[in-house]
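Biologist: Please choose one part of this structure and take me through it closely, working outwards from it to whatever surrounds it. I would rather have one connected account than a list, with a word on how far the coordinates can be trusted.

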Amino acid sequence: MTTLDDRETVLDVQDLQTHFRTKFGTVKAVDGVSFSLKRGETMGIVGESGSGKSVTVLSLMRLVPIPPGEIVGGKIILDGEDILELSELDMVKVRGSKIAMILQDPMTSLNPVFQVGSQVGEAIHIHQKLQGNSLMDRIINVLRQVRIPAAESRIKDYPHQLSGGMRQRVVGAISISCEPKVLIADEPTTSLDATVQAQYLKLLRDIQEELDTAIVFITHDLGIVAKMCDKVAVMYAGRIVETGDVRDIFYNPRHPYTEALLGSLPRLDVDVTRLDSIPGQPPALHSLPQGCPFAPRCKYAMDKCLEDYPPTYTLNEGHTARCWRLEE
Ligand SMILES: Nc1ncnc2c1ncn2[C@@H]1O[C@H](COP(=O)(O)OP(=O)(O)O)[C@@H](O)[C@H]1O
Ligand code: SF4
Ligand SMILES: [Mg+2]
């Protein structure tokens, strides 16, 4: 049996830095983020609003708005190639075919005036140059991969003729139409109702089962992380402060911020955007304090924490945290 450990690394992010130039100064929205993903692996990114989750994944797609944003450093090795070295023209070929984003709101991502088949076929036609019958076969196959029943007869439907759940599956079909190695799922700004949310998670699981795609999954819901993810990256003020497999993070959190996020365990349905367990606010990224940016809210803060940012400590394989308390 192949275990996750034998699989190839499809995404290797090294010391990624994405900044925004604003009138208040430089905002280091992503400040030295590193992680890697193997085929079929799902990583959750958690952290309060403004911690740099969306900018991280936008950077992976190279969709950060320039200006005011800019990827100023690091490497993003996707399927063996550093995509930060690519021209925008070459990046267009990579986007959609090797890395794709799946939007959670089906209404805003489908065009009401086109049949669903042509919307699914667009990327396939562009990236894989298929047309005619072979394009049609491929569209039907993709619709089947997202488990749309009677796919052959659905391709001529318009979005309004489908149920909400089926529309979401069509959106999923568009994202995976070129069999990307990495799929990015960022939480919507407005929350989805529970049914739509459940359908969406089921869709992601189906896609992973069919295609063995690696998924980067951003959510504010730690219960979903526990259910969906193999590993977790906890972000605070533009940096990953702790990362590990789901068990490390939930049962042996070593960073005070992770501990606080999980403060209300065993209830897992904690909403990270509204944290009662952590007093205070995340810091403004344009004027970060010296030292550990969590210090003003940390019940363990020591003098040292106010002076220098802690280095990354490796606790066991794949489990790291950045906190002075881990210094031996
Ligand atoms: N277009 C932008 N212009 C200026 N600053 C931005 C822009 N987009 C994001 N930022 C900055 O990056 C930080 C991280 O944003 P984001 O990644 O969207 O956070 P989240 O973790 O909530 O997804 C924000 O706090 C903000 O300061
Ligand atoms: S480095 Fe210090 S302030 Fe930062 S999380 Fe650790 S103990 Fe708290
Ligand atoms: Mg976000």
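## A helix across the sheet

Modeller: Helix α1 (residues 53-61) lies across five strands, namely β3 (42-46), β6, β7 (182-185), β8 (214-218) and β9 (231-236), and runs at about 150° to β8. Everything that follows is read from a predicted model, and I shall come back to its confidence at the end.

Staying with the helix, 7 of the 9 residues of α1 are buried, so the rest of the structure largely encloses it. The buried residues are Lys53, Val55, Thr56, Val57, Leu58, Ser59 and Leu60. After α1 comes Arg62, which has a positive phi, near 55°.

The helix also takes part in the surroundings of ligand 1, which has 16 residues around it, the nearest being Ala29, Gly50, Lys53, Ser54 and Val55. Two or more residues of this shell come from each of β1 (9-22), β2 (25-38) and α1, and it is α1 that gives the most, with 3 residues. By residue class, the shell around ligand 1 holds 7 nonpolar, 8 polar and 1 charged. The shell around ligand 2 has another make-up, with 12 nonpolar residues, no polar ones and 1 charged; among its 13 residues, Cys292, Ala295, Cys298, Cys305 and Cys323 are the closest to that ligand.

Now to the sheet that the helix lies across. Its 8 strands form an open sheet of mixed pairing, and their order is β6-β7-β8-β3-β9-β10-β12-β11. At the edges stand β6 (99-102) and β11 (313-316), each of which has a single partner strand, so that one side of each is left without a neighbour in the sheet. On average, and ignoring direction, neighbouring strands of this sheet are turned by 20° against each other. A further helix, α7 (residues 164-176), lies across β6 and β7, and its direction is at about 165° to β6.

Of the strands beneath α1, β9 repays a closer look, since 6 of its 6 residues are buried and the strand is therefore largely enclosed by the rest of the structure. In a regular strand the side chains alternate between the two faces of the sheet. In β9, Lys231, Ala233 and Met235 point one way while Val232, Val234 and Tyr236 point the other way, and all of these are buried. Burial is here a matter of counting, with 20 or more other C-beta atoms required within 10 Å, which is how Lys231 can qualify although its side chain belongs to the charged class.

The pairing along β9 can be followed in both directions. Towards β3 it is parallel, over 4 bridges, with Met43 having Lys231 as its bridge partner in β9. Towards β10 it is antiparallel, with 6 bridges, and Val234 has Glu242 as its partner in β10. β9 and β10 form a hairpin with 2 residues between them, and Ala237, in the turn, has a positive phi of about 50°. From there the sheet continues, as β10 (residues 239-245) and β12 (residues 319-321) pair in the antiparallel sense over 2 bridges. Glu242 appears again at this step, its bridge partner in β12 being Ala321.

One strand that contributes to the shell around ligand 1, β1, leads on to another piece of the pairing pattern. β1 and β4 (residues 69-78) are joined in the antiparallel sense over 8 bridges, and Val13 has Ile76 as its bridge partner in β4. β4 in turn pairs with β5 (residues 81-82), again antiparallel, over 2 bridges, where Ile77 is matched by Asp82. These two strands, β4 and β5, make a hairpin with 2 residues between them, and Asp79 in its turn has a positive phi of about 50°.

As for confidence, the average pLDDT of the chain is 90, and 92% of the residues score at least 70. Over residues 264-268, however, the pLDDT falls below 50, and this stretch has 5 contacts in the model beyond near neighbours in sequence. Where pLDDT is low, the predicted coordinates should not be read in detail.

Methods: Residues are numbered from 1 along each chain as its sequence is written. Chains are lettered from A and ligands numbered from 1 in the order in which they are written. This is a predicted model: local features need pLDDT of at least 70, side-chain atom pairs count only at pLDDT 80 or more; totals for chains, interfaces and linings use all residues. Two strands pair if DSSP finds at least two bridges between them. Axes are lines fitted to C-alpha atoms, for helices over the stretch in contact, and angles run from 0 to 180 degrees between N-to-C directions. Two residues are in contact if their C-beta atoms, placed from the backbone, lie within 7 Å. A residue is near a molecule or strand if its C-beta atom, placed from the backbone, lies within 6 Å of it. A residue is buried if 20 or more other C-beta atoms lie within 10 Å of its own, exposed if 12 or fewer, and partly exposed in between; C-beta atoms are placed from the backbone. pLDDT is the predictor's confidence in each residue, from 0 to 100.
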